[in-house]
Amino acid sequence: MGTLALCSHYSQLSWKRSIIVALLLFHLCCLQVWASCRILRCNSDFVAVTLDLGGSGGGGGGGSREGGNAGYCSALRSYAMCTRRMARACRGDLAYHSAVQGIEDLLIQHSCPRTGPTAQPRPLPQAPISGDACIYEKGYLQREGRTPDYLHCGVFGDPHVRTFRDEFQTCAVQGAWPLIDNEYLYVQATSAPMRGGAYATALTTITIIFKNWRQCIEQQIYQAELDNVPAAFVDGSVTSGERQGQHSLSVHSDLPGRQAEIRAAHIGTTLVVRQSGRSLGLSVRSPRAIAEAFTPEQDLQLCVYGCPPSQRLETLPSPSSSSSFSSSSSSSQPSAAAHAHCAALLPARDIYYQACLFDLLATGDLNSSTAALAALEDARGMISDPNKVHLLLVGKADRSSPCLPLILAVAVLSERLVALWTGKYL
């Protein structure tokens with residue numbers, strides 16, 4: 001009897017230890033995902049902006065859209081944008097949700113449109129800068145004695161993402177998603193379903209915000225929409241940030257209305273926006289130090305981390321009802337015609353070839369294949385090492401789980417539960 005009680009007591013202790021170990025491993029695995037909530041940063045930025053407005057933001061703005069409250073509405077939109085960036089890190093935080101609700105109430109109270117210009121806190125006074133400080137590459141060469149390491153990101157098609165880390169994913173995202181969100185640059189893409197495709201989505205809007213930086217530039221915004229890829233910023237200018245006869249920002253186009261190239265010399269970054277078929281695409285070349293200049297709460301960036309796991313598509317989609325590019329034996333596989341078409345454009349059987357097949361099957365539109373071709377051409381121009389241009393898809397079996405210790409712990413825990421229930425220790 002004593003032996004039975006001792007075994008039972010030991011089983012209970014082992015069971016408790018197993019729970020503790022599993023919870024600890026779960027915490028360690030997910031700690032890198034849970035960033036601290038910094039809603040106070042949003043609050044302080046909003047206060048800094050509204051201090052310059054005096055009492056103008058407190059009046060009733062009831063008649064016209066914005067009216068005399070234009071500055072206050074811009075501050076509210078900046079406040080709202082800041083809270084959206086914090087959404088993942090601040091999930092469940094009462095102060096965060098109170099701020100979000102407060103912003104909504106103030107937008108309604110002051111008749112502020114939810115889209116429009118945004119405001120930023122007044123920059124702190126800084127010492128004058130000299131020489132080539134607003135030309136990133138020259139400054140880096142002077143400091144380090146070499147050219148910077150560059151990273152490439154491409155977003156195109158349905159949409160497909162090649163991240164700065166050379167990972168390739170196909171996403172099911174819809175709505176507005178940040179592609180880049182760092183201390184110098186904010187890029188957002190809006191995706192919407194395409195007519196005629198069961199799974200097909202397309203990038204319909206790309207917004208690029210160049211943030212205030214020292215004495216090189218003031219905030220500048222570029223926005224492209226489907227069938228309207230302008231060769232100018234939203235204020236109509238084609239250059240910005242003039243210093244010693246040179247411009248930190250410039251826009252030019254080889255195909256007005258369909259393609260634009262934006263060069264940001266002060267951060268050594270080039271962005272190409274183009275329309276291919278019925279979808280926009282973006283290609284970015286940026287120095288590693290710029291692309292990685294972000295804080296823990298800026299953790300939702302498709303160009304850095306890829307799509308959220310719940311939004312990733314691992315297999316080819318069901319074909320469009322009008323698609324002639326699916327095989328008769330398996331409606332979810334490309335036909336010989338699809339393979340032949342993509343192989344003619346993209347001989348290398350890499351991610352761009354696979355993206356071409358994906359888009360053909362999803363849309364049934366031959367023009368959709370041009371997105372992968374354009375993305376490949378951009379990659380060739382932006383990646384200095386030709387051997388790194390082509391990426392091969394990695395099979396599921398080759399992908400390691402980020403929380404493998406947790407999976408193993410759960411397996412051990414499950415085995416212990418089964419043993420307890422079946423009376424193994426008795």
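Reader: Which strand gives the most to the lining of the second largest cavity?
Author: In this predicted model, β12 gives the most to that lining, with 5 residues. At least two residues each come from β1 (150-156), β11 (269-276), β12 (279-287) and α10 (370-382).

Reader: What makes a residue count as part of that lining?
Author: A lining residue has an atom within 4 Å of a point of the cavity. For the second largest cavity 14 residues line the space, and those closest to its centre are Val155, Phe156, Arg274, Gly281 and Ala371. The space itself is about 80 Å³.

Reader: Why is Gly281 placed in the polar class?
Author: Gly281 is placed there because Gly is counted among the polar residues by the classification used. The lining of the second largest cavity divides by class into 7 nonpolar, 5 polar and 2 charged residues.

Reader: What volume does the largest cavity have, and which residues are closest to its centre?
Author: The largest cavity has a volume of about 100 Å³. Of the 14 residues lining the largest cavity, Gly157, Met194, Ser279, Thr363 and Ser368 are the closest to its centre. Its lining includes at least two residues from each of β6 (201-210) and α9 (351-363), and by class it holds 4 nonpolar, 6 polar and 4 charged residues.

Reader: Why is such a space called a cavity and not a pocket?
Author: The name cavity applies because a 1.4 Å probe fits at its points but cannot get out, whereas a pocket is an open set. With 30 Å³ or more as the limit, the count comes to 3 cavities.

Reader: What makes both faces of strand β3 count as covered?
Author: Buried means under 20% relative accessible area, and in β3 (residues 168-171) this holds for Phe168 and Thr170 on one side and for Gln169 and Cys171 on the other, so that both faces are covered. In a regular strand, side chains alternate between the two faces of the sheet.

Reader: Why are β2 and β3 called paired strands?
Author: Pairing needs at least two bridges between the strands, and 3 bridges join β2 (residues 160-162) to β3, so the two qualify, and they run antiparallel. Val161 has Gln169 in β3 as its bridge partner. The hairpin of β2 and β3 has 5 residues between the strands, where Asp166 takes a positive phi near 60°.

Reader: Which strand besides β2 is joined to β3, and by how many bridges?
Author: Strand β13 (residues 312-313) is joined to β3 by 2 bridges, again running antiparallel, and since at least two are required, these strands also pair. Here Arg312 in β13 stands opposite Cys171.

Methods
Residues are numbered from 1 along each chain as its sequence is written. This is a predicted model: local features need pLDDT of at least 70, side-chain atom pairs count only at pLDDT 80 or more; totals for chains, interfaces and linings use all residues. Side-chain values use heavy atoms; hydrogens and water are left out. On a 1 Å grid over the protein atoms alone, a cavity is a set of points where a 1.4 Å probe fits but cannot get out, and a pocket is an open set with protein on both sides within 12 Å along at least five of seven lines; lining residues have an atom within 4 Å of a point. Grid points are joined across faces, edges and corners, and a volume is the space filled by probe spheres set on the points. Helices (H or I, at least four residues) and strands (E, at least two) are DSSP runs, numbered from the N terminus. Buried means under 20% relative accessible area, exposed over 50%, partly exposed in between (1.4 Å probe, protein chains only).
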